[in-house]
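Visitor: I am new to this structure and would like to know what stands behind the words used for it. Could you take me through them slowly?

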Amino acid sequence: MIEERLKKIICIPVFLSALFLFLLLPSLSQAEPGAENSIDVTDISFWSYPHYTRIVVSLSGKTLFVKKHLANPDRLYFDIKNSHIKKELKTNLAIGNDMLRSVRASQFDENTVRVVLDLEKIKDYNVIHLEEPDRIVIDVYGSSAEVSTKKRIVIDAGHGGHDPGAVGPNRLFEKDIVLDIALKLKKILSADPGLEIYLTRETDVFLKLEERTAIANSKNADLFVSVHANASPRRDARGIETYLLNWTNDEEAMKVAARENQISLKKMKRMQGEMDVLGVILGDLKRDVKRDESIKLANYIQQMMINDLSKSYQNIVDHGVKQALFYVLFGAQMPSVLVEVSFISNPVEEKLLSKEKYRGSLAKSIASGIARYMSSSSDVQTVAGVRKSLDSRD
Ligand SMILES: [Zn+2]
């Protein structure tokens, strides 16, 4: 089980890249934190893999961070302003992989918590700030010595466990529908010997959004596809859309991302606004090649879903490829998309989603989209393998 392979631990404090230093400045200027507004560093978790480690520092509220890289010995430290270490927090975590020896936290002065990453050898690192709850996500990358001829795909079934996702008018749960589609998708794609398929979850368990991306990065995946069902207060809303990570001015797209991120639309808009105003670009979005590939992947999946389903079902509505800031796509190191397969809030589409056949058609069409994408890439050997195995299933 993937979950069992995660070395998950608890405890310690905070960090921040220059990016988020900028991001946080506007809110600080609105409410200069005083001692009474001091925040706690409540938890530190990490997921350690051979060439990749994700560290998540949880906070009781928003605050300012500064970071510094020091040599001899090599270490990164993050000073979290106006913060205190929660009493029960474990302040020294041994990691012990090729990139990191440990993570330490201490009360540096009266109002500053310092978190230190003791480094071995790292290639790169990246910092992301997520809200509700406030948390800092630090990705550390080592050199990938592994050479695989197989293509790896990570399929993410949204939600799970105590999080049902969107709930239909007849109490159909998004978490159950998307898990079934993901399992079907895995079965179809696994028929190709040139592919290795992983699911972020194979049962009804809860995973944090940042853990899902961590799994994809840890597998050195070539593609990441997150599967969801849509919802709207408008009961007549229906159709299919596929997303990639980027800013958007589209109110509806922002609403979808806010719901999937489990934050309010107001926060969603503020997050976008702060990035816009300050001209800050997320590390992820700078990687144009990956974005182009994500657009291509999204288009193939969307097209195949619309084409295939329209053959057997009436009124399949094509909302096209869209973009928005989805937490689950932040930090993904490979082309990545989020598919909203239908509206579970629409009584007709809820009924369709409850049918095994419709879910099978959705899985098959997503698989076809992935196959088309891969056959369009330059890797001719994989192309032939994928096409053959998927075409033969028609
Ligand atoms: Zn969802």
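**How two helices meet**

Guide: Helices α3 and α10 pack with their axes 8 Å apart, at an angle of about 50°. The model is a predicted one, in which local features need pLDDT of at least 70 and side-chain atom pairs count only at pLDDT 80 or more, while totals for chains, interfaces and linings use all residues. Residues are numbered from 1 along each chain as its sequence is written.

Visitor: What makes α3 oblique to α10?

Guide: Angles under 35 degrees count as roughly parallel, over 145 as roughly antiparallel and 65 to 115 as roughly perpendicular, with the rest oblique; the angle of about 50° falls in none of the named ranges, and therefore α3 is oblique to α10. The axes are lines fitted to C-alpha atoms, for helices over the stretch in contact, and angles run from 0 to 180 degrees between N-to-C directions.

Visitor: Which residues of α3 and α10 make the contact?

Guide: Contact is called when the C-beta atoms of two residues, placed from the backbone, lie within 7 Å. On α3 the residues include Ile177, Ile181, Leu185 and Ile188, and on α10 they include Leu362, Ala363, Ile366 and Ile370.

Visitor: How do you know that the span of helix α3 agrees with its number of residues?

Guide: Helices are DSSP runs of H or I with at least four residues, strands are runs of E with at least two, and both are numbered from the N terminus. The expected span is 1.5 Å times one less than the number of residues, so the 17 residues of α3, 174–190, should span 24 Å, and the end C-alpha atoms are indeed 24 Å apart.

Visitor: Why is Leu309 called buried?

Guide: A residue is buried if 20 or more other C-beta atoms lie within 10 Å of its own, exposed if 12 or fewer, and partly exposed in between, the C-beta atoms being placed from the backbone. Leu309 has 21 such neighbours and is therefore buried. Leu309 belongs to helix α8, residues 288–312, and touches Ile316, Ser361 and Ser365, leaving aside residues up to four places away in sequence.

Visitor: What makes Ile44 buried?

Guide: Ile44, in strand β1, has 24 other C-beta atoms within 10 Å, so Ile44 is buried. In the protein as a whole, 47% of the 394 residues count as buried.

Visitor: Which residues of α3 are buried, and what covers them?

Guide: Among the buried residues of α3 are Glu174, Lys175, Val178 and Leu179, and the elements covering the buried residues include β11, β12, β13, β16, α9 and α10.

Visitor: In what order do the six strands of the open sheet stand?

Guide: The order is β12-β11-β13-β16-β14-β15, with mixed pairing. Two strands pair if DSSP finds at least two bridges between them; β12 and β15 each have a single partner strand, so they stand at the edges, with one side of each left without a neighbour in the sheet.

Visitor: How do you know that β11 pairs with β12 and with β13?

Guide: Five bridges join β11 to β12, running parallel, and five bridges join β11 to β13, also running parallel; because at least two bridges are needed, both count as pairs. One bridge links Lys151 to Leu195 in β12, and another links Ala157 to Val227 in β13.
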